[in-house]
Every structure is written in C-alpha cells, then in structure tokens.
Amino acid sequence: MSNPHRPVSPIFSIDVSAEPPTPASPQFDGDEQVIELLRELVVGQQKQNQLLEQMTQQTAAMQKQRSNELQQWKDANPLLSKHCHRAAETLSRVQTQFLENLTVEVLDNAEHLVDGEFMLNEFVDRFGPRMAHLNGVLQVLAQLGTGQPTSET
C-alpha cells in the first residue's frame with residue numbers, strides 16, 4: 001500500500017517502510033536545515049546584542065550629559081545648591097512626620113479603610129496628592145543639593 005505524496009514538510013515525515021531509501025531518490029537532510037536555522041538564530045541574537053549595546057551606550061551618554069549639566073548648574077549656583085541641600089534635609093524631616101501621621105491614621109482606622117470604600121477614598125484624597133507633591137519637591141531639592149560644587153566661592 002503506497003501513500004499518496006502529501007505536501008508536508010520532510011522534517012515531520014517519518015519513513016517506516018522496510019525498504020531502505022534508494023540513492024536515486026532525493027532525501028531531505030533535516031540536520032542541515034536545523035543547523036541553518038540555528039545559524040539564523042545566532043545572527044539574530046548578535047544583531048539584538050548590538051542594538052542593546054547601542055541603547056546602553058546612548059543611555060549612558062544621556063545620563064553623563066545630564067550629570068554634567070547638573071554639575072555646571074551647581075558650579076554656577078553654589079550658594080543655592082547649599083540652600084537646596086539644607087531645604088531637602090528640613091523637608092525630609094517634614095516628610096518623616098507626615099508619614100508618621102499617615103501611619104497613625106491608617107492604624108486607627110484600619111477596619112473602616114478595609115470595609116468602607118468611602119473611607120478609603122477619603123484617606124487617599126486627603127493624603128495622596130500631598131504625599132506625591134511632597135515627594136516630587138523633595139526629589140528636586142535633594143538632587144540639586146547633592147554633592148559639592150567643584151569651584152568653591
């Protein structure tokens with residue numbers, strides 16, 4: 001009984017006949033195809049690695065430029081940089097007190113916050129925006145006040 005030829009990839013066909021393949025019939029070499037696919041994968045990975053390296057270099061260059069610009073600003077404004085540092089320290093203490101008040105509020109109203117959506121919304125409305133703004137201001141002041149200007153005046 002012979003099977004009609006089906007358009008199935010030779011990689012998925014298995015010859016279970018008792019007859020050995022004749023040298024005249026073309027045989028598919030699955031190993032060669034697998035090797036070629038692996039080569040293509042390696043080439044793709046090499047390209048991906050190159051792109052990742054370029055992205056890393058670009059990100060590092062942008063970070064270095066940003067750092068240089070920040071240092072130039074600090075050098076141009078040494079007194080303001082020192083004031084930013086002191087303001088950041090003060091605001092950090094304010095933030096610590098704010099967080100203490102927030103945690104006390106949560107602990108005192110834990111049951112109401114868990115059970116009531118209204119109480120949770122009130123809590124978030126009351127503390128959320130203030131915390132977000134406080135964190136933003138503190139980050140800016142801390143960044144502008146870190147380190148020392150390279151030129152002392």
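**Exercise 1. Determine what share of the contacts between residues at least 6 apart in sequence joins residues at least 24 apart, and describe the fold of the protein chain.**

Step 1. A contact requires heavy atoms within 4.5 Å. In the protein chain, 70% of the contacts between residues at least 6 apart in sequence join residues at least 24 apart.

Step 2. The model is a predicted one, in which local features need pLDDT of at least 70 and side-chain atom pairs count only at pLDDT 80 or more, while totals for chains, interfaces and linings use all residues. Residues are numbered from 1 along each chain as its sequence is written, and side-chain values use heavy atoms, without hydrogens and water.

Step 3. The chain has four helices and zero strands, in the order α-α-α-α from the N terminus. Helices (H or I, at least four residues) and strands (E, at least two) are DSSP runs, numbered from the N terminus.

Step 4. Of the 153 residues, 12% are buried. Buried means under 20% relative accessible area, exposed over 50%, and partly exposed in between (1.4 Å probe, protein chains only).

**Exercise 2. Characterise the packing of helix 1 against helix 2.**

Step 1. Helix 1 (residues 30–76) and helix 2 (residues 78–108) meet at about 105 degrees, their axes being 5 Å apart. The axes are lines fitted to C-alpha atoms over the stretch in contact, and angles run from 0 to 180 degrees between N-to-C directions.

Step 2. Helix 1 is therefore roughly perpendicular to helix 2, a class that covers 65 to 115 degrees.

Step 3. From helix 1, W73, K74, D75 and A76 meet P78, L80, S81 and C84 of helix 2. The residues of this contact comprise five nonpolar, one polar and two charged.

**Exercise 3. Establish whether S81 is buried or exposed, and identify its contacts.**

Step 1. S81 belongs to helix 2 and counts as buried because its relative accessibility is 1%.

Step 2. Beyond its neighbours within four places in sequence, S81 contacts W73, K74, L144 and G145.

Step 3. A polar atom of the S81 side chain lies 2.9 Å from the backbone oxygen of L144.

**Exercise 4. Identify the largest nonpolar core and place V106 in its surroundings.**

Step 1. The core has 11 residues: C84, A88, L91, F98, L102, L113, F123, F127, L134, L138 and L141. Such a core joins buried Ala, Val, Leu, Ile, Met, Phe, Trp, Tyr and Cys residues through side-chain atoms within 4.5 Å.

Step 2. Helix 2 and helix 4 (117–145) are the elements that give two or more residues to this core.

Step 3. Not counting residues up to four places away in sequence, F98 touches F127, R130, M131 and L134.

Step 4. V106, in helix 2, is partly exposed because its relative accessible area is 29%. Outside its neighbours within four places in sequence, V106 contacts L113 and F123. The C-alpha atoms of V106 and F123 are separated by 8.5 Å.

Conventions
Angles under 35 degrees count as roughly parallel, over 145 as roughly antiparallel, 65 to 115 as roughly perpendicular and the rest as oblique. Ala, Val, Leu, Ile, Met, Phe, Trp, Tyr, Cys and Pro count as nonpolar, Asp, Glu, Lys and Arg as charged, and the others, Gly among them, as polar. A polar contact is a pair of N or O atoms within 3.5 Å; within protein, one must be able to donate a hydrogen and the other to accept it, and residues adjacent in sequence count only if both atoms are side-chain atoms.
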